[in-house]
Amino acid sequence: MFKALRRAWRYLGTALGMKFEEAADPKVQLEQAIQEAQEQHRRLTEQAANVIANQKQTEMRLSRAMEELEKVNASARQAVLMADEATKKGDTAKASEYTTAAEAFANRLIASEKEVEGLKTLSLQTTQASDQAKAAVTQNSAALQRKLSERQKLMSQLDQAKMQEQMNKAMATLSETVGQDVPTLEEVRDKIERRYAKALGTSELQGQTVESRMLEVEQASLDTEAQERLSQIRTQLGIAAPAAPESVESAPQAQAGETGSTATPS
């Protein structure tokens, strides 16, 4: 049971993560990544600064210890010289005091030497750590600069991708139906062509009906009456009727008749 619940929980977490990745804005995620890189660089710089500060502090301690070592060494030498002079003068008491002081300075000298040696080792270690910290900060700074440059490139690519997606959508709508309430250009064209073809067909059918032939006969009768009336008007006015033009078909026949009459023997 517990194993099934754990698998279901992991599945749910993965599914929610996928949904989040699909819905997340790449521009926001890119800014988050850059901010995280900058924050890591800031923390690394602070740690490196602490390492360098420790190295500087060790150097200052070493410098003070070496100064103290020189003073103690000089004091020990002076105490030995003064004890030797007192011994030569026969002043046993002062010679003993100077000898005791020289021994104390010698003990301090030994301790100072040990401290100086320890600080030298520590200074060497802190110097190496400081150099490594500086190198790490330099490398991380270069990596951060590369990420900033990459961000500009990715932002430009993201803007281009958005514009291309919008262009693709606009191009796709050209070949798709505009909508249920608005017909496409192809649908309107088909409708107009159907109406035009139907009108032409109707016109052809009307031209073949009896009524159309009757109208032609009536029109011919009216034309004949009009010609007769014009002939009467010309007669009244004493105007000769215009000669009728010869038809194209009668001209060859007349020529053929003349040719035949000429060929007949007398």
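A salt bridge here is a side-chain nitrogen of Lys or Arg within 4 Å of a carboxyl oxygen of Asp or Glu. By that test, this predicted model holds six salt bridges.

Start with the helix that carries much of this account. H2 covers residues 26-89. H2 has 64 residues and reaches 94 Å from its first C-alpha to its last. That span is close to the 94 Å expected at 1.5 Å a residue. After H2 comes Gly90. The phi of Gly90 is positive, near 85 degrees.

Now look along H2 for charged pairs. Arg42 and Glu39 form a salt bridge, with 2.3 Å between the closest N and O atoms. Both residues lie in H2, three residues apart, or about one turn of the helix. Why does that spacing matter? An α-helix has 3.6 residues a turn, so residues three or four places apart point the same way. Is Arg42 buried or exposed? Arg42 is partly exposed, at 38% relative accessible area. Glu39 is partly exposed as well, at 28%. Partly exposed covers the range between the buried limit, under 20%, and the exposed limit, over 50%.

Further along H2, Asp84 meets Lys88 in a salt bridge, 3.4 Å from N to O. These two residues are four apart in H2, so about one helical turn separates them. Their surroundings can be read from accessibility. Asp84 has 38% relative accessibility and counts as partly exposed. Lys88 has a relative accessible area of 69%, so Lys88 is exposed, because exposed means over 50%.

Return to Arg42 and Glu39, which also belong to a wider group. Which residues do shared salt-bridge partners join into one network? The members are Glu36, Glu39, Arg42, Arg43 and Glu46.

One more salt bridge takes us from H2 to another helix. Glu68 pairs with Arg108, and their closest N and O atoms are 3.0 Å apart. Where do the two partners sit? Glu68 lies in H2, while Arg108 lies in helix H3, residues 92-174. The pair therefore ties together parts that are 40 residues apart in sequence. Glu68 is partly exposed, with 32% relative accessibility. Arg108 is partly exposed too, with 43%.

To recap, Arg42 bridges to Glu39, and both lie in H2. Asp84 bridges to Lys88, with both partners in H2. Glu68 in H2 and Arg108 in H3 tie together parts of the chain that are 40 residues apart in sequence.

Note on methods: Residues numbered from 1 in each chain as written. Predicted model: local features only at pLDDT ≥ 70, side-chain atom pairs only at ≥ 80, totals over all residues. Heavy atoms only, no water. Buried < 20%, exposed > 50% of the residue type's maximum accessible area, 1.4 Å probe, protein only. Expected span 1.5 Å × (residues − 1).
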